[in-house]
Number of protein chains: 2
Amino acid sequence: MGSTIKDIARLANVSKATVSRVINNKSEGVGEETKQKILRIIEELNYRPSLLARGLVTKRTHSLGLIIPDITNPFFPQLARGAEDTAAKHGYSLFLCNSDNSPEKEQRYIEAFIEKRIDGVMLASSISKSAIQSQIQLLKSVDIPFTLLDRYLEGSEPETGVFLDNQAGAYQATDYLLKNGHRRIVFVAGPLGVMTSWYRFQGFQMAHYDNGVEIDYSLVMEGDYQLSSGKELVERLIEAELEFTAIFAGNDMMAIGALKALQSRGIKIPETVEVIGFDNIELSSLVEPALTTVAQPTYEMGVKGAQMLIRVIEGEGIPERNVYLKPELLFRATTRHPVG
Amino acid sequence: MGSTIKDIARLANVSKATVSRVINNKSEGVGEETKQKILRIIEELNYRPSLLARGLVTKRTHSLGLIIPDITNPFFPQLARGAEDTAAKHGYSLFLCNSDNSPEKEQRYIEAFIEKRIDGVMLASSISKSAIQSQIQLLKSVDIPFTLLDRYLEGSEPETGVFLDNQAGAYQATDYLLKNGHRRIVFVAGPLGVMTSWYRFQGFQMAHYDNGVEIDYSLVMEGDYQLSSGKELVERLIEAELEFTAIFAGNDMMAIGALKALQSRGIKIPETVEVIGFDNIELSSLVEPALTTVAQPTYEMGVKGAQMLIRVIEGEGIPERNVYLKPELLFRATTRHPVG
DNA sequence: CTGTTAGCGCGTTCAG
DNA sequence: CTGAACGCGCTAACAG
């Protein structure tokens, strides 16, 4: 315990340099027998090189950072899992940080990352555009590579990242509903400040436009991605006696909330109203009736993000700075059959 | 970018030692004006001390490790969140590792931890007793403090950790059922190799003993904590035409599986059979009918575990080596009223 | 109140 | 094929 390269050098009657060579497999240039002797002593002393000391000279810590809003939100564990798995596969460890969407917390985490000299950061947080921009600037100023996950930044130059084509996903869902005859579709949006929900809204609108259907904006409401908001908004709609025959929600949690609201009024799903969610969290398949939803390849998103990050860290070029993953409309029991 | 303590020392016309003093708030002993000057230069250069270099001398990295089986399992995000929150509060970052219950992976993670010289480890994994023992030994050999989370180790000397009193939880649930008149209670156990599920089984038995009721062991079955196993086991029971009036499951997922099996046969819950789960994952309150369950203070378990770990790291004594958290029977819609 | 010196544990020239 | 010397960025005595 606590043995250093110097200890094992002394015991092997060689210099630290030689030991360092065999540790790093630069053993071409080290006699086979001395090498074996060194290896044996390393084994005996249970010696582990200090990545701290090594990092001080190599400038590499083999640590990555991942910032997400909240691991408790069923979407992010999948993402984190994908990132962690591929990080581990490449010999990196992952610092996980929950920011609660607080720009201040994110800022502090990033500063900690910088002081720890980690090799790269994955950002899956920040609802505030200005916040993420200042974070990006900070990261750039200290030359730490980073990758955006899920939440993109519109307008400014494109940073490297992996995203879902949210607009396409919302378009598919809405288009299905429209083609199936619905004319009054409720849209329960996520917080419109978050780019992802904004794009989902865009897809909703675009599908209406392409199908030549007018949107009744009294059916469009902004929720907060929580189950309760979906429930309350739909209840309010029912009380206001607004007519509608379908609901498209900005995420699964709100869709499930909508389901509950509908069921508590005895409204039949999907006979009377069809419901579609977004995300495909595990819960969506367990709920009754099982929720039709726009599925994201969440795990893969984490994988891709980590891969990109590691590639830039290791100096291999990346094929493309922005990867857009394709969502897929997953039919279950809250919708009737696709037409045709 | 990349400025060091030497740079700012030179610019301030002082020695590195002085700079170090103000950085570490040992400024009692530094002139107010030199202090201000140094602070200003630090600000201008956007200087951040390297925790790598600092750690090399202080032997502290302010990093902790957390090993869990799978962040995708709804129980662990809560735990991780509690641990991360309190780690952050105390100025530590958290390495998160998913082991998939693989002792080999755990071993590798711990070796990485050692090389990174992290300050402490939280272990919430390892179904294998021999695996966890060798991990503990490894950690001890390099003098890294650790804390056991959730999964305990029976027999050997008690390591410091925070656990749930699983036996008490199972006892409460079973006792309620028994006191409410049930005589044929199904027990869907988790994998009996995992100590936690073993203790839940103990509680189940103990309650029967205390109530003077014989257990029909054909109603006791071992599942794997997955929803599907709960479903299949109960289906098999029904097909075998065994009589029972209540089901107690080793966790919520299996309880929900049992619910599905019952509902698909048109069996009324809780009128015909009462069902109780264990864990209180979020899903258990969203399912229909909402599941009565033995609630664990999961988040708090993460908090407590991190607190204990940090206390031993920082050399403050810990009041008790083993903390047992109390479960609580949470009545919802899959049970009738408690008697009395 | 401040500077000098000496490492922490390692990788990396450059000689030999 | 191997060793000596230096430096990574910082803290910690010990002097002054």
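The following legends describe close-up views of the interface between chain A and chain B in a predicted model.

**View 1. Extent of the interface between chain B and chain A.** Each partner is represented in the contact, with 47 residues from chain A and 47 residues from chain B. Together the chains bury about 4400 Å², and carbon and sulfur atoms give 57% of this area. On the side of chain B, B:Arg48, B:Leu52 and B:Arg81 supply 17% of the area buried against chain A, more than any other three residues.

**View 2. Salt bridges and polar contacts between the chains.** Eight salt bridges cross the interface of chain B and chain A. In one salt bridge, the side chain of A:Arg48 meets that of B:Glu111 at 3.6 Å, N to O. Polar contacts link 21 residue pairs between chain B and chain A.

**View 3. Elements of chain B that face chain A.** Among the elements of chain B that give two or more residues to the side touching chain A are α4 (51-58), α5 (75-89), β2 (93-98) and α6 (103-116). The most is given by β2(B), with six residues. By residue class, this side of chain B divides into 23 nonpolar, 11 polar and 13 charged residues.

**View 4. Relation of the two copies.** A turn of 180 degrees and a shift of 0.2 Å along the axis lay chain B on chain A with an RMSD of 0.2 Å. The two copies are therefore related as by a two-fold rotation axis. Within chain B, the C-alpha nearest the axis belongs to B:Phe95, 2.2 Å from it. The copies meet through the same surface, because 100% of the interface residues of chain B are also interface residues in chain A.

Terms used: Residues numbered from 1 in each chain as written. Chains lettered and ligands numbered in written order. Predicted model: local features only at pLDDT ≥ 70, side-chain atom pairs only at ≥ 80, totals over all residues. Heavy atoms only, no water. Contact = heavy atoms within 4.5 Å. Buried area = accessible area lost by both parts, 1.4 Å probe. Salt bridge = Lys/Arg side-chain N within 4 Å of Asp/Glu carboxyl O. Polar contact = N/O pair within 3.5 Å; in protein donor to acceptor, adjacent residues only side chain to side chain. Helix = DSSP H or I, 4+ residues; strand = E, 2+ residues; numbered from the N terminus. Nonpolar A, V, L, I, M, F, W, Y, C, P; charged D, E, K, R; others polar. Least-squares fit on C-alpha atoms with pLDDT ≥ 70 in both.
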